[in-house]
Amino acid sequence: MKGQKEIAQLLKGLEYELVQGDLSQIVSDIQLDSRKLTEDSLFIAIKGTVLDAHKFIPKAIELGAKSIILEDTPEQLVDGITYIKINSTSQAAGIIAANFFDNPSEKVKVVAVTGTNGKTTVVTLLQNLFIKLGYNTGALTTIENKINDEIIPTKLTTPDPVTLQFLLSEMVKKNCSYCFMEASSHAIVQGRLQGINLEGAIFSNISHDHLDYHGTMKEYINAKKRLFDTLPKKAFALVNIDDKRGNVMLQNCRAKHYSFGLHSMANFKGKLIDNTFEGIQMDVNGHDAWFQLIGSFNAYNVISAYATAICLGEDEFTTLQALSELKPAKGRFEQIVSKNNIRGIIDYAHTPDALENVLETIRDIREEGERIITVIGCGGDRDATKRPIMAKTAAMLSEEVILTSDNPRTEKPEDILDEMEDGISPTQARRTQIILDRREAIQKAVEIAEPRDIILLAGKGHETYQEINGVRHHFDDKEELFKAFN
């Protein structure tokens, strides 16, 4: 992430205190990670939820950093080093990075998508839609970051602010007109979107998730709302009005207000006409159209993508025609059918609401006699309160359930499964199995399935790894299901 800027240029738009040094000092690189520092770098010391990067300042200087952005002044200052004190380095990092990369969001229109479920699908739909409409387009998602067809791997739903501004600057170099990005609640609270001029924001929905981080649903909702509170007047705010928090997002929002929905009065109204394993037929603002995505929850994703295009000035008919040609995002209701007609569905559903949506969709579409076998786990080091709810939801809406590992991370898989099992009633227990090894769980699901049964592998979707004690081991639900089918 190389460049050449004076420190004074990077601090434009910020309040700061020069503790020591020269603001005309040239910065050739900016980093949040002290291990990546090189000569003449600027190091931004952020106080994270786990680590306080202030303790790495001596190491940063040793590696060549000549400038330090910090909140707490060290007891000993090193001669020749410029120290700048800022009230919140996490909130300032995005603005500093934007200045370093020449404010790329002034040259590419950025639209952010937030909500518990649907973010990846909506962003993927929007990028593919606008490519079909003839634009160079970037996308930042949980699955991957993309600039047109070029894939840049990702580990976070929303990248850190320096990486984010770098990616936007790369999109400018590739002549992108638009960037569509997921905005997680963590990223909003941590200021990762600071320094981005948003063209618009989309709210999909809110349900139980991330309470391990936010503490309460109220704080989780407020985190999402902060995105809309900071939108400029010229931007658009597009919300799912069928979700009761849709109107909450619009309170005190200065941007132009728009709504979409299936059941309420809305600027962009959809009506689900037909729902099959091949796709959905919808009425969209009076136009009949067919889409290759499946389920009522995807009807919301389709109409939000359509509404966004119209808010950005695209033609209604051309937009619908292009949308009808698009396929689902990887790991989102992705299907494989075996030789003996067992249908496998891989889906990222990892919240109670998302799991319920997927299972209700399968129940709506399936024919009489077709059983649902759900394989489900819950991630370690994440919101534990949803574990029994996830198991209960799976048991209520499936004929057979296999509880198994997801990404246990640093927790014992057995402990996670014990907490999930608490949500299973004695009656449901008779048709619930617990198989610790996810590969064995998938094989067992295929063993007990009969022709025309439906196996749902929930929770991992696009992921191609299983994280155990800090190590990511290769594991792909789709790959394992394909092996089990053959």
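Which residue forms a salt bridge with E39, and how far apart are the closest N and O atoms? In this predicted model, the partner of E39 is K66, and the closest N and O atoms are 2.5 Å apart. E39 belongs to the loop between β3 (26-31) and β4 (41-44), while K66 belongs to the loop between α2 (57-62) and β5 (67-70), so the pair ties together parts that are 27 residues apart in sequence. E39 is partly exposed, with a relative accessibility of 47%. K66 is also partly exposed, its relative accessible area being 22%.

## Overall architecture

The protein contains 17 helices and 25 strands. Its radius of gyration is 24 Å, close to the 23 Å that the globule rule gives for 486 residues, so the protein is as compact as a globular protein of that length. The C-alpha trace spans about 75 × 50 × 40 Å along the principal axes of the protein.

Of the 486 residues, 56% are buried. The accessible surface of the protein amounts to about 20,600 Å², and carbon and sulfur atoms account for 47% of this area. Contacts within the chain can also be described by sequence separation. Among contacts between residues at least 6 apart in sequence, 65% join residues that are at least 24 apart.

## Salt bridges

The count of salt bridges in the model comes to 27. Three of the pairs are set out below.

| Pair | Closest N to O distance |
|---|---|
| E39 and K66 | 2.5 Å |
| K234 and E199 | 3.9 Å |
| D229 and K225 | 2.8 Å |

K234 forms a salt bridge with E199, with 3.9 Å between the closest N and O atoms. K234 is placed in the loop between α8 (217-229) and β13 (236-240), and E199 in strand β12 (residues 198-203), so this salt bridge ties together parts that are 35 residues apart in sequence. With a relative accessibility of 52%, K234 is classed as exposed, because the exposed class begins over 50%.

The salt bridge between D229 and K225 has an N to O distance of 2.8 Å. Both residues are in helix α8, four residues apart, and are therefore separated by about one helical turn. D229 is partly exposed at a relative accessible area of 31%, whereas K225 is buried at 10%. Salt bridges that share partners also join R439, E479, E480 and K483 into one network.

## The six-stranded sheet

One open sheet consists of six strands in the order β18-β19-β23-β20-β21-β22, and its pairing is mixed. The edges are formed by β18 (334-337) and β22 (432-434), each of which pairs on one side only. On average, neighbouring strands of this sheet are turned by 15 degrees against each other, direction ignored.

Within the sheet, strand β20 (residues 372-376) runs parallel to strand β21 (residues 400-403), and four bridges join the two. V375 has I402 in β21 as its bridge partner. Helix α14 (residues 413-421) lies across β20, β21 and β22, and runs at about 150 degrees to β21.

## The β9-β10 hairpin

How do β9 and β10 pair, parallel or antiparallel? Strand β9 (residues 144-147) and strand β10 (residues 150-153) are antiparallel, with four bridges between them. K146 is opposite I151 in β10. The two strands, β9 and β10, make a hairpin with two residues between them, and N148 in the turn has a positive phi of about 55 degrees.

## Two buried helical residues

T319 is part of helix α11 (residues 316-323). Its relative accessibility is 0%, so T319 counts as buried. Apart from neighbours within four places in sequence, T319 is in contact with L129, L133, Y306, A309, I310 and E314.

S185 is located in helix α6 (residues 185-189). With 1% relative accessibility, S185 is likewise buried. S185 and A93 are 92 residues apart in sequence, and their C-alpha atoms are 17 Å apart in space.

Key: Residues numbered from 1 in each chain as written. Predicted model: local features only at pLDDT ≥ 70, side-chain atom pairs only at ≥ 80, totals over all residues. Heavy atoms only, no water. Salt bridge = Lys/Arg side-chain N within 4 Å of Asp/Glu carboxyl O. Buried < 20%, exposed > 50% of the residue type's maximum accessible area, 1.4 Å probe, protein only. Pairing = 2+ DSSP bridges. Axes fitted to C-alpha atoms, helices over the stretch in contact; angles between N-to-C directions. Contact = heavy atoms within 4.5 Å. Rg over C-alpha atoms; globule rule 2.2 N^0.38 Å. Areas by Shrake-Rupley, 256 points an atom, 1.4 Å probe, with all protein chains shown as cover.
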